[in-house]
Amino acid sequence: MRNDHLNTVVKLLAAFLVISLSTVVAVVLLRHNPALVTTAVWIRTPLVAASAAVLLLLSRRAAAGHRNSFRRLRVIAIVVLAAIVGVVAWPGAFPVWLRIEQAVCGVFVASVVVRTNLRVVRSAMAGSSGETAAQR
């Protein structure tokens with residue numbers, strides 16, 4: 001069961017990385033349009049792509065049974081989701097097109113947060129390292 005959920009998490013985060021890298025490319029191509037590419041967009045998009053890469057790396061390690069990577073994945077995914085919600089909800093801080101892109105990414109990351117916090121997945125990860133229910 002754990003591997004099914006974590007394999008799906010890997011796929012979701014791979015899609016998140018592809019979208020994020022595509023957005024960075026779009027920012028570079030649209031760099032001469034200050035209405036579409038603001039300073040905040042220049043700062044935000046590479047950071048999102050980097051966080052997507054880190055999350056994907058952690059998810060692959062977690063799927064391979066690395067418990068510490070699983071913990072980090074859970075925490076960082078929640079932080080990234082909170083940041084995405086902030087970007088989407090903060091009117092005027094970012095162009096509409098970026099807020100829409102972030103909302104799409106937010107759906108992927110929210111699914112990751114839900115899946116990695118399922119009791120069956122957490123229990124399977126705890127069990128894979130020899131930890132008992134009493135130690136959790």
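The legends below walk through several close-up views of a predicted model.

**View 1. The whole chain, an all-in-one look at five helices and zero strands.** From the N terminus on, the elements of the protein chain follow the order α-α-α-α-α. The C-alpha trace spans about 55 × 25 × 20 Å along its principal axes. Of the 136 residues in the protein chain, 36% count as buried. Take the contacts between residues at least 6 apart in sequence: 74% of them join residues at least 24 apart.

**View 2. Confidence along the chain, with a stretch to treat gently at residues 130–136.** The average pLDDT of the protein chain is 91, and 92% of the residues score at least 70. Over residues 130–136, pLDDT stays under 50. For that stretch the model has six contacts beyond four places in sequence.

**View 3. Helix H3 packed with helix H4.** Two packed helices are described by the angle between their axes and the distance between the axes. Here H3 (residues 67–89) and H4 (residues 96–116) pack at an angle of about 150°, and their axes are 9 Å apart. The angle therefore makes H3 roughly antiparallel to H4. The crossing in which H3 passes H4 is left-handed. On the H3 side, the residues that meet H4 are Phe-70, Leu-73, Arg-74, Ala-77, Ile-78, Val-80, Leu-81, Ile-84, Val-87 and Val-88. Their partners in H4 are Arg-99, Gln-102, Ala-103, Cys-105, Gly-106, Val-109, Ala-110, Val-112, Val-113 and Thr-116. Sorted by class, this contact of H3 with H4 holds 15 nonpolar, three polar and two charged residues.

**View 4. Helix H2 alongside helix H4.** Now turn to H2 (residues 39–63), whose axis comes within 12 Å of the axis of H4 and crosses it at roughly 15°. That angle makes H2 roughly parallel to H4. H2 and H4 make a left-handed crossing. Val-41, Arg-44, Thr-45 and Val-48 are the H2 residues to look for, and they meet Trp-97, Leu-98 and Gln-102 in H4. The contact of H2 with H4 divides into four nonpolar residues, two polar and one charged. Gln-102 may look familiar from the previous view, where Gln-102 is also listed among the H4 residues that meet H3.

**View 5. His-5, a buried residue of helix H1.** His-5 lies in H1. Its relative accessibility is 14%, so His-5 counts as buried. Setting aside neighbours within four places in sequence, His-5 is in contact with Arg-115, Leu-118, Val-120 and Val-121.

**View 6. Lys-11, an exposed residue of helix H1.** Stay with H1 (residues 2–29), where Lys-11 is also found. Lys-11 has a relative accessible area of 62% and is therefore exposed. Leu-98 makes a handy reference point: Lys-11 and Leu-98 are 87 residues apart in sequence, with 22 Å between them in space, C-alpha to C-alpha. Leu-98 itself is among the H4 residues that meet H2.

**View 7. Arg-61, a partly exposed residue of helix H2.** The place of Arg-61 is in H2. Its relative accessible area is 38%, so Arg-61 is partly exposed. Leaving out residues up to four places away in sequence, Arg-61 touches His-66 and Ser-69. Also worth finding is Val-10: Arg-61 and Val-10 are 51 residues apart in sequence and 9.6 Å apart in space, C-alpha to C-alpha.

Methods
Residues are numbered from 1 along each chain as its sequence is written. This is a predicted model: local features need pLDDT of at least 70, side-chain atom pairs count only at pLDDT 80 or more; totals for chains, interfaces and linings use all residues. Side-chain values use heavy atoms; hydrogens and water are left out. Axes are lines fitted to C-alpha atoms, for helices over the stretch in contact, and angles run from 0 to 180 degrees between N-to-C directions. Helices (H or I, at least four residues) and strands (E, at least two) are DSSP runs, numbered from the N terminus. Angles under 35 degrees count as roughly parallel, over 145 as roughly antiparallel, 65 to 115 as roughly perpendicular and the rest as oblique. A crossing is left-handed if the near helix is turned anticlockwise from the far one by less than a right angle, and right-handed if clockwise. Contact means heavy atoms within 4.5 Å. Ala, Val, Leu, Ile, Met, Phe, Trp, Tyr, Cys and Pro count as nonpolar, Asp, Glu, Lys and Arg as charged, and the others, Gly among them, as polar. pLDDT is the predictor's confidence in each residue, from 0 to 100. Buried means under 20% relative accessible area, exposed over 50%, partly exposed in between (1.4 Å probe, protein chains only).
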